Amino acid sequence: MAKWVYGFGGGAAEGRAEMRNLLGGKGANLAEMSSLGLPVPPGFTITTEVCTAYYDDDRRYPAELAGQVDAALVAIERIVGVRFGDADSPLLVSVRSGARASMPGMMDTVLNLGLNDRTVIGLARSSGDERFAWDSFRRFIQMFSNVVLDVDHHHFEEVLELRKEDLGVQLDTELKAEDWRAVVAAYKKLVEKRTGKPFPQEPREQLWGAIGAVFSSWMNQRAITYRRLHSIPEEWGTAVNVQAMVFGNMGEDCATGVAFTRDPSTGENRFYGEYLVNAQGEDVVAGIRTPQQLTVAGKLAQKSDAASMEETMPTVFGELAAIRDRLERHYRDMQDIEFTVQRGKLYMLQTRNGKRTAKAALRIAVDMVREGLVDRREAVARIVPSSLDQLLHPTLDPKAARKVIAKGLPASPGAASGIIVFSADEAEKRARGGEKVVLVRRETSPEDIHGMHAAEGILTSTGGMTSHAAVVARGMGKPCVAGAGDVRIDSSNGTLSVRGTTVRAGEAITLDGSTGEIMLGVVPTVQPDLSGDFVELMAWADEVRTLQVRTNAETPADAAQARKFGAEGIGLCRTEHMFFDGDRIVAVREMILADDEKSRRAALAKIEPMQTKDFVELFGIMAGLPVTIRLLDPPLHEFLPKTHAEMAEVAKDLGVSAQEVEARAAKLHEFNPMLGHRGVRLGISYPEIYEMQARAIFRAVAEVQKSRGATVVPEIMIPLVATAREFELMKAVVDQVAAEVSQMSGQKLDYLVGTMIELPRAALRAGDIARAAEFFSFGTNDLTQTTFGLSRDDSASFLERYQQRGIFEHDPFASLDTEGVGELIEIARERGRASRPDLKLGICGEHGGDPASVFFCHKAGLDYVSCSPYRVPIARLAAAQAALGGSLKTE
C-alpha cells in the first residue's frame with residue numbers, strides 16, 4: 001500500500017531532512033527537528049505526491065489517504081493526551097502548506113482547527129482562560145472562512161471594528177471574554193449570510209476542508225505568480241502539514257516569534273528576530289501588530305522602547321539561543337525559524353534555510369568558510385547567481401541633498417525612487433507602461449505579489465522586519481521600508497501623509513531600504529563599490545569554472561564596466577550602434593542615399609576614421625583580450641528617419657530634396673525586415689561597407705600594436721550567414737583588406753573570421769560553413785526567433801498565456817529553449833567541430849547572462865558566453881556552479 005502520510009513528534013519521526021521533495025521543506029524539517037529531540041509539537045505530513053494525484057484525478061484523493069490521516073491523528077492524541085473533537089479537552093490542530101521550495105505567504109494556513117460551539121467551552125475549561133478560548137474561536141472562524149469558504153477577511157475586520165467602536169476601545173487586547181463571544185456570534189451570522197450555510201461544526205469536516213484548501217492554494221493566482229517569478233515547476237506540488245496547536249495567546253507568559261540565525265539583510269553573525277507577547281504566529285508575519293525585538297542589541301539598533309525577549313523571558317530566550325546555534329551547525333546554513341512560547345515553554349514550529357539579500361548571502365557564505373562550516377566549493381554553490389543583480393546597481397549618493405519625511409524599519413536594503421501607487425494592480429499597470437513606481441500599502445499580503453515584483457520598492461506603515469513585505473522584498477532583492485508608523489496611508493484618496501507633508505498618487509518618493517528613510521522626490525545615486533566578500537567569492541568561482549565569460553559592448557564605458565565585473569573579452573561588438581552618433585549618422589545616411597558605388601565609398605570614407613578610433617579605444621581597454629566585432633547587421637532603412645518632418649530635416653542636412661529621402665526610404669521598406677536585406681546580404685550587395693569596416697578594424701589593430709607593443713587578435717564576425725558560399729565571399733573581402741593594411745602598416749596582423757549562427761539552416765549546415773569559419777557565435781536572440789517563428793518584439797502579448805497554459809515553461813527569449821534551439825546548437829557544435837576540431841564556440845545573445853542558459857552552454861561544450869556588462873558576474877557564478885556538477889541555485 002502506498003504511504004501518503006508521515007508522522008513526527010515525541011522525539012521521533014518517519015521522515016528526515018533529505019526527503020524535502022516528498023515531504024516539502026516544512027515537513028522534512030519538522031521531522032528532522034523531532035529526530036534531533038527539539039521541542040516540536042507532534043503532527044503529520046501529507047506528501048507532495050498526494051497533491052499530484054489530487055490534480056491528476058480531478059481533485060480526488062487516493063483511496064487509502066483517509067485511513068492514514070485517521071491513524072496519524074490517533075498518534076498525535078496519544079502524544080499530547082487529548083482527543084480531536086473531544087468536548088471536554090479538545091485537540092486543536094494547525095493545517096499548513098509546505099512546498100519543497102520556500103514560498104512565504106503564497107499558500108494557505110488555518111490555525112485553531114477543531115473549535116466549535118462545544119469544544120470552545122471545553123478549551124475554556126481546560127485552559128482556565130475563557131477569553132483565550134473565545135479569541136481563538138473567532139480567529140479560527142475568520143481564517144477558515146477566508147481560506148476554505150472564500151469569505152473575504154475584510155468583512156470580519158469590519159465586524160470587529162464596529163464592535164470595538166461600540167465598546168469604546170482601540171486594541172484587540174482590550175476585549176473581554178464576553179466581547180469575543182459576541183464577536184463569534186456575529187462572525188457565524190456573517191458566514192451564513194455570505195455562504196448560505198451555517199459555519200461547519202464537525203471537526204473532521206473542518207479538517208478535510210482545510211486540507212483541500214491547502215492543496216487548492218497550490219493553484220491560486222499568487223502561488224502561480226510566485227512560481228513563475230522564481231522558476232518553481234508546477235508539477236512539484238505542495239505537502240500539507242497537520243500539527244497539534246500550541247498557543248502564544250494564552251496570556252503574558254506566552255509569545256510567538258520569527259527569527260533568523262544571522263542578519264538576513266547584512267549577513268552579520270547576530271541573532272535577529274522579533275516576537276509578540278500574547279499573540280499567534282500570523283500576527284507577526286501578517287504585520288498586523290508591530291512586534292518587539294528578540295535581543296537587547298536589536299532593540300538598541302532599532303531605538304525601540306519596547307522590551308526585548310532577552311529581557312522579558314530570559315530563560316526561554318536562552319533556550320532559543322541554544323537551539324539557534326544547534327540548528328545552524330546541523331544545517332550548516334542560516335536558518336529562518338518560527339517558535340511559540342506557551343505558558344513559559346518553548347516550542348519550535350519551523351526551520352528552513354532563510355531568505356537573504358545577495359549581500360548577506362555573500363557574507364554568510366564567506367564567513368562560514370572561515371568558520372569551517374562549509375568549504376569554498378559549497379560556498380560558491382550556495383549563492384543564487386541571479387541575486388547578484390542586487391549588488392550591481394546604484395545606491396543613494398551620500399552627498400546628494402535629501403528631504404527625509406519619515407523613517408521606518410530597514411526591512412530590505414537598496415535604494416528605490418518612483419511615483420507612489422496604492423495598489424498592486426496599479427503598480428503592475430504603470431510599470432508595464434515604463435514608469436518606475438513605489439508600492440505603498442498599510443501592509444502587504446500574498447495577493448500583492450505581482451505588484452511587489454513590478455515596483456522599484458515597497459513601503460508599509462505597519463509590520464516588522466519579518467513581516468510578509470520584508471521577507472518577500474528581500475527574496476526579490478527589492479528595497480523595502482516597513483513599519484513606518486508615522487506615515488498615514490489613505491489609499492481611497494490616494495495620499496500618503498506624515499507630520500503635515502502630503503504626497504499624492506503620481507508624485508515621487510525615494511526609499512532607502514538600508515536605513516529605513518523615506519524621502520521626497522528622486523534622490524541621485526552612485527555606482528556600487530564591489531569589494532570584500534564579493535571579490536573573494538567570485539575569485540573562488542573563477543577557480544572552478546571552465547566556461548569563459550565575455551561581454552556585449554561597443555562603447556568604451558560599457559567595455560570598461562564589464563572589465564571591472566570580470567569580463568574576459570568582448571563577445572559581441574555591434575558596429576551599427578556606433579553609426580548613430582553625431583556626425584556619423586549624417587555620413588551613414590549619405591551612404592544610403594548614394595546612387596552608385598563611388599558615392600557610397602566617398603561617404604564610407606568619412607565614417608572609417610571614426611570607426612577606427614572606436615576600435616582603438618576598445619582594444620586598449622581589453623588589453624589583449626579577445627574582441628569579437630560583428631560587421632553591419634541591421635537593414636539600411638533603420639538608419640533613416642520615419643516621419644515626414646524628420647525626413648525634411650535630414651534632406652536639409654544632406655543638401656538634397658525631401659522627396660529624394662522619402663523615395664529612398666520607400667525603396668528600402670520591407671514587410672519583414674528581420675528576414676530581409678540585412679547581415680551578410682548587405683555585404684554581398686554592397687561589399688564596400690564590409691571593406692570599410694574591416695579596414696577600420698585592421699588599422700586600429702596596427703595602431704595599437706605599434707603604439708603599445710601588444711598583440712591584438714580581433715575576431716571578425718559575419719552575421720546572418722545561411723550558406724557556406726555567403727561566408728566564403730565575405731571572408732575573401734576581409735582577407736584582402738587585411739593583406740592591404742598589413743603591407744601598408746608593416747604590421748603582422750593575426751585575426752579570426754567567423755560567423756554568427758542565427759538561422760536553423762546555418763546550424764544544420766555547420767559542417768560546410770566551418771571549413772572556412774574559424775569560430776561560431778550563436779546569436780540566440782535571432783536563432784530563437786527563426787526556430788520558433790516568433791517575433792521577439794510582438795510575442796509578449798501572448799507569451800504569458802503560453803506559460804500559464806503550460807505550452808512554454810518560460811519565456812524562450814529570457815531563458816534558452818534547450819530542447820529546440822538547444823538541439824540546433826548541439827548539432828552545429830557536433831558538425832562544426834567534425835570539420836574543424838579547434839572551432840571556437842560561444843553565444844552572444846542575452847541568454848549568455850541567464851543562469852539556466854549558462855548551465856546549458858557548459859554542458860554543450862561551448863568555450864564562452866557573452867552578455868551585457870551588468871550580467872557578467874551572474875554568468876561567472878553560474879558557470880562555476882555548472883562546473884561543480886550540481887544543479888542551478890535558484891532560491
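Here are some worked exercises on this predicted model, each with a task and a stepwise solution.

**Exercise 1. A charged patch**

Task: Find which residues gather with Glu819 in a patch of negative charge on the surface, and decide whether Glu819 is buried or exposed.

Solution:
- Step 1. Start with the members: the patch of negative charge on the surface brings together Glu234, Glu235, Glu809 and Glu819.
- Step 2. Place Glu819 along the chain. Glu819 sits in the loop between helix 31 (796-804) and helix 32 (821-835).
- Step 3. Check the accessibility. Glu819 has a relative accessible area of 66%, and exposed means over 50%, so Glu819 counts as exposed.

**Exercise 2. A salt bridge inside one helix**

Task: Describe how Glu161 and Lys164 meet, where they lie, and which of them is buried.

Solution:
- Step 1. Look at the contact. A salt bridge links the side chains of Glu161 and Lys164, at 3.3 Å from N to O.
- Step 2. Locate both partners. Helix 6 (residues 153-167) holds both Glu161 and Lys164, three residues apart, which is about one turn of the helix.
- Step 3. Compare each value with the cut-offs: buried is under 20%, exposed is over 50%, and partly exposed is in between. Glu161, at 38% relative accessible area, is therefore partly exposed. Lys164 has a relative accessible area of 6%, so Lys164 is the buried partner.

**Exercise 3. A salt bridge between two helices**

Task: Work out which parts of the chain the pair Arg376 and Glu543 ties together.

Solution:
- Step 1. Confirm the contact. The side chains of Arg376 and Glu543 form a salt bridge, with 3.6 Å from N to O.
- Step 2. Place the partners. Arg376 belongs to helix 15 (residues 376-382) and Glu543 to helix 19 (residues 533-544), so this pair ties together parts that are 167 residues apart in sequence.
- Step 3. Add the accessibility. Arg376 is partly exposed, with a relative accessible area of 42%, whereas Glu543 is exposed, at 54%.

**Exercise 4. From one pair to a network**

Task: Describe the salt bridge of Lys748 and Asp750, then name the residues in the network that includes Glu161 and Lys164.

Solution:
- Step 1. Lys748 and Asp750 meet through their side chains in a salt bridge of 2.7 Å, N to O.
- Step 2. Lys748 is exposed, with a relative accessible area of 62%. Asp750 is partly exposed, at 31% relative accessibility.
- Step 3. Turn to the network. Asp135, Arg138, Arg139, Glu161, Lys164 and Asp172 are joined into one network by salt bridges that share partners.
- Step 4. Set this against the total: the structure holds 60 salt bridges.

**Exercise 5. Cysteines without partners**

Task: Find how many disulfides the whole structure holds, and explain why Cys844 is in none.

Solution:
- Step 1. A search across the whole structure gives zero disulfides.
- Step 2. Take Cys844. Its nearest cysteine sulfur belongs to Cys857 and is 11 Å away. A disulfide needs two cysteine sulfur atoms within 2.5 Å, so Cys844 is in no disulfide.
- Step 3. Check the surroundings. Cys844 is buried, with 3% relative accessibility, and Cys254 is buried too, with a relative accessible area of 0%.

**Exercise 6. Positive phi values**

Task: For Arg332 and Leu720, state the phi value, the location and the accessibility.

Solution:
- Step 1. Recall the background. Most residues other than glycine have a negative phi.
- Step 2. Read the angles. Arg332 has a positive phi near 55 degrees and is not a glycine. Leu720, also not a glycine, has a positive phi of about 60 degrees.
- Step 3. Locate them. Arg332 lies in the loop between helix 13 (314-331) and strand 12 (335-342). Leu720 lies in the loop between strand 30 (714-718) and helix 27 (724-745).
- Step 4. Finish with accessibility. Arg332 is partly exposed, with a relative accessible area of 30%, while Leu720 is buried, at 2%.

**Exercise 7. Sequence and space**

Task: State how far apart Ala2 and Pro62 are along the chain and in space.

Solution:
- Step 1. Ala2 is in the segment before strand 1 (5-9), and Ala2 is partly exposed, with a relative accessible area of 35%.
- Step 2. Ala2 and Pro62 are 60 residues apart along the chain, and their C-alpha atoms are separated by 9.2 Å.

Definitions and conventions
Residues are numbered from 1 along each chain as its sequence is written. This is a predicted model: local features need pLDDT of at least 70, side-chain atom pairs count only at pLDDT 80 or more; totals for chains, interfaces and linings use all residues. Side-chain values use heavy atoms; hydrogens and water are left out. Patches are made of residues with over 30% relative accessible area and no salt bridge: like charges are joined within 9 Å, nonpolar side chains (Val, Leu, Ile, Met, Phe, Trp, Tyr) within 5 Å. Accessible areas come from the Shrake-Rupley method with a 1.4 Å probe; for residues, only the protein chains shown count as cover. A salt bridge is a side-chain nitrogen of Lys or Arg within 4 Å of a carboxyl oxygen of Asp or Glu. Lys and Arg count as positive and Asp and Glu as negative; His and the chain ends are not counted. The place of a charge is taken as NZ of Lys, CZ of Arg, CG of Asp or CD of Glu. Helices (H or I, at least four residues) and strands (E, at least two) are DSSP runs, numbered from the N terminus. Buried means under 20% relative accessible area, exposed over 50%, partly exposed in between (1.4 Å probe, protein chains only).
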